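This report covers a metal site, a pocket, a helix and some individual residues. Look at the sequence and the structure first.

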Amino acid sequence: MTVKIEREVLESLLTMASFVEARDAYTGGHAWRVSQYGKLLAEEMGLAKDDVFVVRLGGLVHDLGKVGVSDTVLNKKGALTNDEFALMHQHPEAGVAALGDHPLAAIVREAILEHHERYDGEGYPTRRPGASLTVIGRILGVADAFDAMTSTRAYRAGMTGDRAIAIVTEEAGRQFDPAAAEAMASLFRDGALSHVLGHAGEEHLMLNCPVCGPMIAPSEDAHDGDTTVCPSCRGRFALHRHGETFDLELQEVTTTLYMPQPDRRAVRSVLSALPSRRLKVREAVDRS
Ligand SMILES: [Fe+2]
C-alpha cells in the first residue's frame with residue numbers, strides 16, 4: 001500500500017503527538033529519543049528508506065494514546081495498582097482511536113498498537129507473538145523499553161546504558177525481537193547511541209530535576225543565567241553553565257500553567273527526512 005504525504009498534514013500529526021509530552025511530565029524528550037533509537041535500529045537492520053522513515057515517525061507518535069490516561073495514573077509518583085495498570089495498558093488502543101481517520105493513520109498505526117507487544121506474546125494490548133508483529137513494532141518495542149530503563153522517574157533513577165543493554169540482551173527472544181536486540185547492543189557498543197541517551201532533542205540536553213528527579217529539558221538555546229521550569233514539580237531553576245551541561249538552582253515553585261511547545265527542530269528534521277511524497281507502507285499483518 002502507498003500513502004500520499006502532504007507536508008502540512010504530516011506537520012499536523014507531529015504537533016498532535018507533541019501534546020502527549022505536555023501531559024506526561026516524566027518523559028520530556030521520550031518520543032524524540034524513541035524515534036532516534038528506532039531510526040538507528042532500522043538502518044542497522046537494513047530496512048528500506050520508507051520503513052526507516054515510518055519507524056522514525058512512529059517513534060514520535062507511539063504514545064499518542066496517553067492523552068486518554070488520567071493525570072492521577074499518568075503522573076503517579078509510585079507503583080501503579082493492578083487496576084491502574086489495566087487503564088495504562090489501553091493507551092495503544094486509545095492512540096489508534098485518537099488518530100481516528102487522520103489521513104496518515106495507516107503509516108503510524110502499527111507503531112502505536114505494537115510498541116508494548118512482546119516477542120514471546122506476553123505483551124499488550126493483543127498478546128500477539130513477535131512473528132505476527134510488524135518489524136516497525138518490534139523495533140519500537142526495543143527503543144521504547146531502552147529509553148524507559150535509562151530515564152529517571154520520580155520514584156527511581158534511570159539505569160546506565162550498560163545495564164539497560166545487558167537487560168535488552170538477556171530479554172532477546174523473550175521481551176524483544178532477537179535481531180532488534182542484537183542491533184541495539186551493537187549500536188551501543190559502537191557509541192552510536194550516545195548523542196541520544198540523556199538528550200531531549202538534537203544538541204538538546206536533559207537534566208535531572210534536583211527536587212523531584214524527573215527530567216528537565218532546557219530550551220535548545222539556553223544560556224548561563226537563564227531559568228527553566230520543571231514540568232513535574234513546577235520548580236523554577238536558574239541554569240548555571242557547568243562545562244557541557246548546567247547546574248540547576250531552585251528559585252521558586254511556580255503555580256503558572258505549563259506552556260508546552262512542539263519540538264520544532266524535531267518536526268523540521270522529520271519533514272526533511274521524508275524520502276518521497278508517496279510512502280510504501282507495510283500491511284497491518286506483516287510477517288517479515
Ligand atoms: Fe507506550
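Arg127 is partly exposed, with a relative accessible area of 48%. On this scale buried means under 20% relative accessible area, exposed means over 50%, and partly exposed lies in between, using a 1.4 Å probe and protein chains only. Arg127 sits in the loop between α7 and α8. Helices (H or I, at least four residues) and strands (E, at least two) are DSSP runs, numbered from the N terminus. Phi of Arg127 is near 55°, a positive value in a residue other than glycine.

The model is predicted: local features need pLDDT of at least 70, side-chain atom pairs count only at pLDDT 80 or more, and totals for chains, interfaces and linings use all residues. Residues are numbered from 1 along each chain as its sequence is written, and side-chain values use heavy atoms, with hydrogens and water left out.

**Backbone features**

Pro125 is also found in the loop between α7 and α8. A cis peptide bond joins Tyr124 and Pro125, with omega about 10°. Arg234 has a positive phi, near 70°, and is not a glycine. Arg234 lies in the loop between β6 (227-229) and β7 (235-242). Arg234 counts as buried, at 15% relative accessibility. Most residues other than glycine have a negative phi, and most peptide bonds are trans.

**The iron site**

Which residues coordinate the iron ion? They are Asp63 through OD, and His91, His115 and His116 through NE2, at 2.0 to 2.3 Å. Donors are N, O and S atoms within 2.8 Å of the metal (3.2 Å for Na, K and Ca); water is not among the atoms, so sites may look incomplete. The arrangement is irregular because the four donor atoms subtend angles of 84 to 177° around the iron ion. Four donors count as tetrahedral if all angles lie between 85 and 135 degrees; four count as square planar and six as octahedral if opposite donors are over 155 degrees apart and all others between 65 and 115; anything else is irregular.

The donor residues follow the spacing D-x27-H-x23-H-H in sequence. His91 in helix α6 (residues 91-99) and His116 in the loop between α7 (105-114) and α8 are 25 residues apart, and the pair links distant parts of the chain. His91 is buried, with a relative accessible area of 2%.

**The second largest pocket**

The second largest pocket holds about 820 Å³ of space. Of its 39 lining residues, the closest to its centre are Phe85, Met88, His116, Tyr124 and Ala148. On a 1 Å grid over the protein atoms alone, a pocket is an open set of points where a 1.4 Å probe fits, with protein on both sides within 12 Å along at least five of seven lines; lining residues have an atom within 4 Å of a point. Grid points are joined across faces, edges and corners, and a volume is the space filled by probe spheres set on the points.

α4 (71-74), α5 (82-88) and α8 (135-150) each supply at least two lining residues. The largest share, seven residues, comes from α8. The lining divides into 15 nonpolar, 11 polar and 13 charged residues. Ala, Val, Leu, Ile, Met, Phe, Trp, Tyr, Cys and Pro count as nonpolar, Asp, Glu, Lys and Arg as charged, and the others, Gly among them, as polar.

**Helix α7**

α7 is largely enclosed by the rest of the structure because eight of its 10 residues are buried. Among them are Ala105, Ile107, Val108 and Glu110. The buried residues of α7 pack against β1 (2-4), α1 (7-23), α3 (49-61), α6, α8 and β9 (278-280). Contact means heavy atoms within 4.5 Å.

**Three buried helix residues**

The table pairs each residue with a partner by C-alpha separation.

| Residue | Helix | Relative accessible area | Partner and C-alpha separation |
|---|---|---|---|
| Glu84 | α5 | 17% | Pro262, 28 Å |
| Gly137 | α8 | 2% | Gly38, 9.8 Å |
| Tyr37 | α2 (residues 30-44) | 0% | Leu197, 9.0 Å |

Glu84 touches Val73, Lys76 and Ala79, not counting residues up to four places away in sequence. With neighbours within four places left aside, Gly137 is in contact with Glu114 and His115. On that basis, the contacts of Tyr37 include Ala143, Phe146, Asp147 and Met184.
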